[in-house]
Amino acid sequence: MKFDLLIKNGQTILPNKSGKFDVAVKDGKIALVGKKLDVEAEEVIDATGKIVVPGAIDAHVHLAMPFGGTISADDYYTGTRAAVCGGTTTIIDYPCQRKGNSIADTVKPRMEMCEKDACCDYSFHVAITNFNDGKILEELEEACKSGITSFKGYMVYKKEGMMVDDGMIYQLLLRCKEVGAMLNLHAENPDIIDVLTKKFLKEGKTSAWYHYASRPEFVAAEADKRAIHWATHLDAPVYIVHMSDKEGLEAVIEAKKRGFDVRVETCPHYLEFTNEVFKRENGINFVCSPPMKGKDSQDALWKALNKGYIDTVATDHCPFQQAEKLWGKDDFTKIPNGCAGIENMYPYMLCKANEGKTDYETVVRVCSYNPAKIFGCKDKGSLEVGKDADIVIFDPKKEFIVSVKNMHSNYDHTIWEGFKCNGYVEATYLRGKLVFKDGEFVGERGYGKFIKRERYLGK
Ligand code: URP
Ligand code: ZN
Ligand code: ZN
């Protein structure tokens, strides 16, 4: 048989072993993996000195999201274009269900936009905000049948009408467990945030630092622990998104050690930045929720990542334009919450492996293998025969300095500006098709396809 593509001589990161393995691709699938493959292919790539990894799955993005009085800067075209340029070949986006809308109503327009625009593969976790007299809980089963097998509850964003209270969390956890879905939770305590926010504004404390100060470590930790409390008492799986604080993380680790199915995600910005960024002149640009915490939390996240306690790394990509961020220059509550990351996650994590802060196997596990497993993307997540040929070639010798000018998104500034990557993505293949090469997007708008995900079957 003649293969379509053969990637030879790379250091290939596989689930249980890594080494000099060649990878052969046929019809968009990984067809053969082995040492010194002596096969014919239409195209042969010599990856000597390069690292060959599966495409990343960014399980937390907000594209074209109405939020903070505007819409996040990247739509399904620019966001997914940027994704593949950073080695991410699948995204899971968060459409937000609203009062009166069914899950199907929520997904349909997003699906249509993706069909037209997506440059990488995609799926959705639907954020539930209103039960519509109980109908939504019924609809979870139908949604799972359609391949949407995870949902979200925001424990915050009360005034935005997005918050779920404890009663709703309780019901969602039970119903998700019943239908085989995962419940993702954004954990912070909304009431304490409100009290602290009012206090600071009254005292004239309006800078970006007070965004952090109104939602510090213990405010996130309380909600993390509440989420874990409900999940463990109901013996229901739960996935805590964007973990940023040490105390909450410790509670997750403790629940894991007790055998509970508590999963946890963190983001590159919590691994790279601390709350010190809010003291910078451009501190407003870093405003996201939860905010970056102190050094202790950052150290705890790295330690947990390297010990295997962090299940996934995802971006929470939700950038806004500079002028929009500036709405809050004199009042931190007016800053739209969210930062860029979709193109930075995999280069950042791989470069941290290259520097020895972690290792390539861990990066592949948290950025690809685990998100595929947890969120039921059965054809994704590893370079194994039969999987989609989503392949990234990483050049550990290529130096790259991130700038808004060399990104492929639609934002006009980035928190990653000036970040020096020791190593960078050289090429990205999506289902065997070259979509990024040497700094250029070479993919196709609309080539991305919907990933019908499997139900969550537990650890
Ligand atoms: O600041 C953030 N993270 N914005 C997006 C919405 C969310 O909370 O994930
Ligand atoms: Zn969130
Ligand atoms: Zn988010």
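This report describes the zinc sites, the enclosed cavities and the cysteines of a predicted model.

**The two zinc ions**

The zinc ion (ligand 3) is held by His60 and His62, each through its NE2 atom, and by Asp316 through OD, at 1.9 to 2.1 Å. Along the chain these donors follow the spacing H-x1-H-x253-D, and both His60 and His62 are buried. The zinc ion (ligand 2) is coordinated by His186 through ND1 and by His242 through NE2, at 2.1 Å. Between the zinc ion (ligand 2) and the zinc ion (ligand 3) there are 3.6 Å.

The table sets out the angles at each ion.

| Ion | Donor atoms | Angles among donors | Geometry |
|---|---|---|---|
| zinc ion (ligand 3) | 4 | 88 to 142° | irregular |
| zinc ion (ligand 2) | 4 | 56 to 148° | irregular |

For a reader who wonders what a regular site would look like, the ideal angle at a metal with four tetrahedral donors is 109.5 degrees. Four donors count as tetrahedral here if all angles lie between 85 and 135 degrees. At the zinc ion (ligand 3) the angles run from 88 to 142°, and the site is classed as irregular. At the zinc ion (ligand 2) the angles run from 56 to 148°, and this site is likewise irregular.

**The cavities**

How many cavities of 30 Å³ or more are counted? The count comes to 6 cavities, and the largest of them holds about 130 Å³ of space. The lining of the largest cavity is made of 17 residues, and those nearest its centre are His62, Tyr157, Ser289, Asp316 and Asn337. Two of these names have already appeared in this report, since His62 and Asp316 also coordinate the zinc ion (ligand 3). Sorted by class, the lining of the largest cavity has 7 nonpolar, 8 polar and 2 charged residues.

The second largest cavity holds about 50 Å³. Its lining includes Asn285, Pro319, Phe320, Lys325, Cys339 and Tyr411, among others, and by class this lining has 6 nonpolar, 4 polar and 1 charged residues. Both domain 1 (2–53 + 390–441) and domain 2 (56–374) contribute at least three residues each to the lining of the second largest cavity.

**The cysteines**

How many disulfides does a search of the whole structure find? The search finds 0 disulfides. Cys85, for instance, is in no disulfide, and the nearest cysteine sulfur, which belongs to Cys119, is 8.3 Å away. Cys85 also counts as buried, because its relative accessibility is 0%.

Why does Cys288 form no bond with Cys339? The sulfur of Cys339 is the closest cysteine sulfur to that of Cys288, but the two are 4.3 Å apart, which is too far for a bond, because a disulfide needs the pair of sulfur atoms to lie within 2.5 Å. Cys288 has a relative accessibility of 3% and therefore counts as buried, while Cys339 is one of the residues that line the second largest cavity.

Terms used
Residues are numbered from 1 along each chain as its sequence is written. Chains are lettered from A and ligands numbered from 1 in the order in which they are written. This is a predicted model: local features need pLDDT of at least 70, side-chain atom pairs count only at pLDDT 80 or more; totals for chains, interfaces and linings use all residues. Side-chain values use heavy atoms; hydrogens and water are left out. Donors are N, O and S atoms within 2.8 Å of the metal (3.2 Å for Na, K and Ca); water is not among the atoms, so sites may look incomplete. Four donors count as tetrahedral if all angles lie between 85 and 135 degrees; four count as square planar and six as octahedral if opposite donors are over 155 degrees apart and all others between 65 and 115; anything else is irregular. Buried means under 20% relative accessible area, exposed over 50%, partly exposed in between (1.4 Å probe, protein chains only). On a 1 Å grid over the protein atoms alone, a cavity is a set of points where a 1.4 Å probe fits but cannot get out, and a pocket is an open set with protein on both sides within 12 Å along at least five of seven lines; lining residues have an atom within 4 Å of a point. Grid points are joined across faces, edges and corners, and a volume is the space filled by probe spheres set on the points. Ala, Val, Leu, Ile, Met, Phe, Trp, Tyr, Cys and Pro count as nonpolar, Asp, Glu, Lys and Arg as charged, and the others, Gly among them, as polar. Domain bounds come from an automatic or database domain assignment.
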